[in-house]
Amino acid sequence: MNQPRRPKGFLASKEGLEKLQTKKREKRFTYENIRKEAKVTLDQVKRLFNPKWGYKIGSEAIELIAAVLDLQPEEIIGVEVWNSSASDTELETAQINWREVCTAMLESQQEAARLRRKATEQGFEINVYVPLGLVERKQQQRRQLNEQRDRENVYELTQEVIVKTYEHDAFLQEVITQQPSENNKHIAIIGEPGAGKTTLLSTIAFFIKDKTQDLPICISLANLQGRTIEEYLLKQWLTEAMRLVKSDVVVTPEIEHQLLACFGKERVWLLLDGVDEMGENSPAEALAKLNRELTASLTQARVVLTCRLNVWDAQVNNTLTGFDTYKTQEFKLEQIDEFIQQWFERAGDLQKGKTLQAKLKETKHENIRKLVTNPLRLSLLCQAFDLDKQGELPETKAALYQRFTRYFYEWKSKLFPELCNSDNLKDELHCALSKLAFAGINSSAIFRLRRSSAHKEMGERLFKLACDVGWLNLVDRLAETDEEVYAFFHPNFQEYFAALKVDYWHEFLNHVPHNPAQGTYRIFEPQWRQPILLWLGRNDIQKEHKDCFLNHLIEFNDQYGILDFYSSQAHKLAESGLNEFPESSLNEEILDIIDEDGTPIYARRFDTIPQWVVYLGEPVDFRESYYKIYQWLDNNLVEEISKDLDFNWERDFSGELKVKFISNEQYVSEIVKIFGQRDEKWKKFLHKIDCSGLDILDALIQKLSLIHNSIDELLSELINILKTNVNYITGFAVIESLQQILQQENRKEYFSLIVENLSHYVANKHLDPYDFCFRIVKVCAYNLNYIEFYTAWHKHQNKKINLTQHNLPQCLQATTNNDPRLSQNIHLICIDTSKFIDPDNPASKIYTAIFKAGCPKCPDGTPKTMAELQTYWDLLETDKRVVLVFHSGATNNKGEERYSNVFLNAISKFEGKICLISDPIPDYNTLKVFTHSQSVDEILEWLGCS
């Protein structure tokens with residue numbers, strides 16, 4: 001039987017290349033234009049235009065490209081070569097050995113990563129092997145209201161959440177090699193920066209290669225750059241991998257189909273590194289995109305992904321399905337000792353290692369001991385301590401990175417003597433690196449830095465120096481333009497240098513309450529969390545500046561009252577910041593803030609991950625809602641599945657489970673045990689429902705006979721249903737349907753539309769649909785940045801209220817009351833000057849207005865002169881700051897204000913918050929005047945600055 005033949009392989013001739021380039025210029029085509037028109041791969045286009053590479057291209061692709069450029073194949077290749085016999089030019093295609101391809105690519109990636117992340121010339125510290133403890137992680141648990149937590153343990157997971165802890169080898173044997181569970185065949189490894197997630201992923205890849213017949217495919221998600229995983233896999237990964245095995249093989253559709261066929265045989269592991277580096281607009285978008293990617297031709301693969309903890313936990317309900325979650329654990333003291341011993345054994349100085357072990361056990365070094373429970377930071381400490389002659393330890397992450405940076409050049413002193421001996425050149429280089437690092441984190445690419453961007457921020461000389469010394473490394477090229485892409489040798493150092501760029505904290509937060517578009521809100525962007533914490537750990541920033549920043553985080557008010565979403569994020573960041581800035585004067589004050597019921601506010605507010613397990617009583621109610629939804633939508637299906645599983649709601653999910661948490665730990669563990677047993681039966685029930693094809697959204701559309709011609713119309717229909725006084729089950733089903741639409745479509749305008757329409761019900765929690773509206777609006781808050789959310793929330797409230805309106809006092813009062821911060825701190829009193837009988841001396845009228853507004857009575861009687869009124873004003877003591885606004889009242893139809901010069905002269909001497917609505921008053925510069933062309937919002941902004 002004849003072997004299948006692949007297309008002829010050819011290179012463009014010298015004359016043919018000139019013709020190609022001429023046609024490309026004439027048509028003003030890019031490689032990408034040619035690819036799209038010819039319907040070939042970008043790699044095939046580049047190969048044809050670069051015969052110097054020596055990679056041949058098939059005859060079919062040449063014919064397609066030639067047609068697009070109005071050429072004949074013979075003109076590109078040469079008549080004789082093109083028409084030569086098949087025996088001279090055709091290359092046989094045997095069935096590809098995909099294990100060989102995957103292994104070659106894996107080893108190439110491993111070597112590239114080793115070179116990129118090599119921190120010193122010693123070459124061994126990065127490869128020290130230390131077992132990693134992992135924990136299978138359920139949804140985050142909230143604590144009891146009366147449970148006190150100290151600052152170090154605010155985020156600590158309680159034992160009820162931890163199912164099992166695995167050492168490194170046990171994880172590989174018990175999790176990777178075992179058949180996956182019925183529901184979850186994928187694995188998510190989450191952890192803080194530098195926790196060893198990428199190292200573990202590489203270990204898993206080689207374990208799969210060595211211990212199984214499966215195919216491990218590693219993909220850095222930062223390389224997607226807007227492409228789907230399948231597009232990247234077929235158009236970039238496959239081309240690069242095939243070059244490593246057989247450089248003259250051209251990737252054809254047939255080869256692409258062979259690779260995809262491997263996925264269908266359930267032989268492939270997709271190892272996806274860095275969900276947090278995907279460059280999407282929000283964590284929710286990144287997770288939703290992945291969820292869509294892992295379908296169709298890739299659905300049979302097993303997936304292991306890595307993700308930073310703050311990105312993974314940013315969603316109310318994580319949109320990725322089919323994943324068991326494992327969190328990297330911190331080193332215990334014995335593991336720290338083992339790591340140090342192995343490191344210094346390889347360094348040839350065990351005694352110094354013992355000195356470091358002893359120092360870390362000293363009480364005064366408790367902070368640094370807590371800091372180095374992370375593999376990267378412990379490695380950095382070993383390297384820095386090895387060269388430090390004084391033998392002192394840093395106290396913060398920033399100090400650790402600063403010390404490592406200083407020694408970075410000592411390891412390279414022979415290679416770069418000029419740099420090592422010049423502090424000025426080091427400072428110049430660090431300044432340029434900090435500009436590049438800041439610009440990168442401030443972009444969608446984050447850790448992937450284009451050569452053009454690096455050149456712009458650093459200049460050619462310093463960019464070349466950074467590459468030579470090892471701060472920057474070439475990682476790949478852009479698929480569209482072939483431009484080089486660089487990265488810092490570890491993301492943590494990009495974050496450190498970005499922190500060095502910031503002199504004042506307004507780069508992180510510049511809160512403009514009534515016009516956020518003019519402000520800065522990097523505190524809510526996940527990629528800025530580490531630079532902010534590193535900035536707080538810098539010892540060259542004044543303590544007062546750091547305290548001021550932390551104070552603004554603590555006092556941040558998102559103005560959404562009951563939602564409190566962004567405020568809680570700011571508070572949580574402040575709490576984390578105290579670990580990096582322990583000498584802060586606010587350290588004790590923060591935990592002293594007590595709620596009405598005696599609970600520390602921050603112990604509650606920092607535990608803000610609103611996941612499924614809250615109290616044992618709540619999940620039962622939550623599940624009961626789902627059960628009733630299924631019954632309402634398709635009761636026959638529910639009865640059939642329940643009968644098949646011997647499942648009975650009342651029997652299996654009632655009684656002793658419907659109790660609240662109590663302080664008795666033994667009793668709680670018994671409840672958890674019972675709950676866990678019945679949890680398996682519920683899982684099976686839900687799995688059967690899922691497999692049955694019951695779709696809540698589709699079922700709801702049929703149940704309520706919703707007519708729609710587009711997703712936009714359906715979304716509006718569901719929102720309108722939610723605005724009515726719906727019953728609990730209908731409301732719950734609508735919420736599930738809305739979330740399903742948002743997950744599938746993931747469009748910013750949909751999140752904004754929901755917030756626009758439902759903000760009124762959330763702000764007024766006494767209204768009937770509040771509970772449902774609150775749930776879905778909070779989902780939207782996770783998917784919109786602060787400015788986007790503010791704009792949507794206030795869209796129907798942003799009509800400009802002009803200061804000439806007759807109901808100005810009512811408008812001012814209502815707007816102030818709707819602002820939680822102002823309503824708590826400001827007592828606004830509007831005074832109608834048209835009521836003044838004596839315009840020169842309206843003291844008694846002003847006093848009467850102040851007294852009627854609820855202020856204390858003057859002990860000396862009613863002030864009769866402006867001087868007596870000033871004395872009363874100066875001694876006035878109230879819970880809120882009194883603000884006087886003078887206006888002309890409803891009788892002023894022309895919008896004009898006239899004030900007596902005597903009155904203006906007297907009132908200008910009053911201290912405090914006083915303003916007048918008036919035409920410009922030129923001779924009284926100390927008075928605050930708002931003209932009729934200004935708006936209420938401008939008065940509110942002035943009030944907020946007090």
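Helix H21 (residues 423–441) lies across strands E10, E11 and E12, and it runs at about 105° to E12. That's one corner of a predicted model with 946 residues, 53% of which count as buried. The protein has 44 helices and 18 strands. If you look at contacts between residues at least 6 apart in sequence, 71% of them join residues at least 24 apart.

**How far to trust it**

- The average pLDDT is 76, and 76% of the residues score at least 70.
- One stretch to treat with care is residues 85–93, where the pLDDT is below 50. Beyond near neighbours in sequence, residues 85–93 have 12 contacts in the model.
- Residues 655–668 also have a pLDDT below 50, and this stretch makes 26 contacts beyond its near neighbours in sequence.

**The sheet under H21**

- Here 3 strands make an open sheet, ordered E10-E12-E11, and the pairing is antiparallel.
- The edges belong to E10 (449–450) and E11 (472–477), each of which pairs on one side only.
- E11 and E12 (residues 484–488) run antiparallel and are joined by 5 bridges.
- To find your way around that pairing, start at Asn473, which stands opposite Ala487 in E12.
- Back to the helix on this sheet: H21 lies across E10, E11 and E12.

**The parallel sheet towards the C terminus**

- Another open sheet has 4 strands in the order E15-E16-E17-E18, and this one is paired in parallel.
- E15 and E18 (928–930) sit at the edges with a single partner strand each, so one side of each has no neighbour in the sheet.
- From one strand to the next, the twist averages 25°.
- Helix H44 (residues 936–944) packs on this sheet and touches E15, E16, E17 and E18. The direction of H44 makes about 165° with that of E17.
- E16 (residues 881–887) is mostly covered, with 6 of its 7 residues buried.
- On one side, E16 runs parallel to E15 (residues 826–832), and 7 bridges join the two.
- Two pairs help you line up E15 with E16: Ile826 is opposite Arg881, and Ile831 is opposite Phe886.
- E16 also pairs with E17 (residues 913–917), again in the parallel sense, over 4 bridges.
- Phe886 turns up in this pairing too, with Leu916 as its bridge partner in E17.

**Two helices crossing: H19 and H24**

- Two packed helices are described by the angle between their axes and the distance between the axes.
- For H19 (residues 397–408) and H24 (residues 491–501), the axes come within 11 Å and cross at roughly 100°.
- Angles of 65 to 115 degrees count as roughly perpendicular, so H19 is roughly perpendicular to H24.
- H19 brings Ala398, Tyr401, Gln402, Phe404 and Thr405 to the contact, while H24 brings Asn492, Phe493, Tyr496 and Phe497.
- By residue type, the contact between H19 and H24 divides into 6 nonpolar, 3 polar and no charged.

**Helix H4 and what surrounds it**

- In H4 (residues 59–68), the buried residues are Ser59, Ala61, Ile62, Ile65, Ala66 and Val68.
- Which elements do the buried residues of H4 pack against? The helices are H2 (31–38), H3 (42–49), H5 (73–77) and H6 (79–82), and the strands are E1 (9–10) and E2 (57–58).
- After H4 comes Asp70, which has a positive phi, near 60°.

**A closer look at Lys543**

- Lys543 is in helix H26 (residues 543–555).
- Is Lys543 buried, exposed or partly exposed? With a relative accessible area of 35%, it is partly exposed, because buried means under 20% and exposed means over 50%.
- Leaving out residues up to four places away in sequence, Lys543 touches Phe581, Glu583 and Ser585.
- Lys543 and Ser585 are 42 residues apart along the chain, yet their C-alpha atoms are separated by 8.9 Å.

Note on methods. Residues numbered from 1 in each chain as written. Predicted model: local features only at pLDDT ≥ 70, side-chain atom pairs only at ≥ 80, totals over all residues. Heavy atoms only, no water. Axes fitted to C-alpha atoms, helices over the stretch in contact; angles between N-to-C directions. Parallel < 35°, antiparallel > 145°, perpendicular 65-115°, else oblique. Contact = heavy atoms within 4.5 Å. Nonpolar A, V, L, I, M, F, W, Y, C, P; charged D, E, K, R; others polar. pLDDT = per-residue confidence, 0-100. Buried < 20%, exposed > 50% of the residue type's maximum accessible area, 1.4 Å probe, protein only. Pairing = 2+ DSSP bridges.
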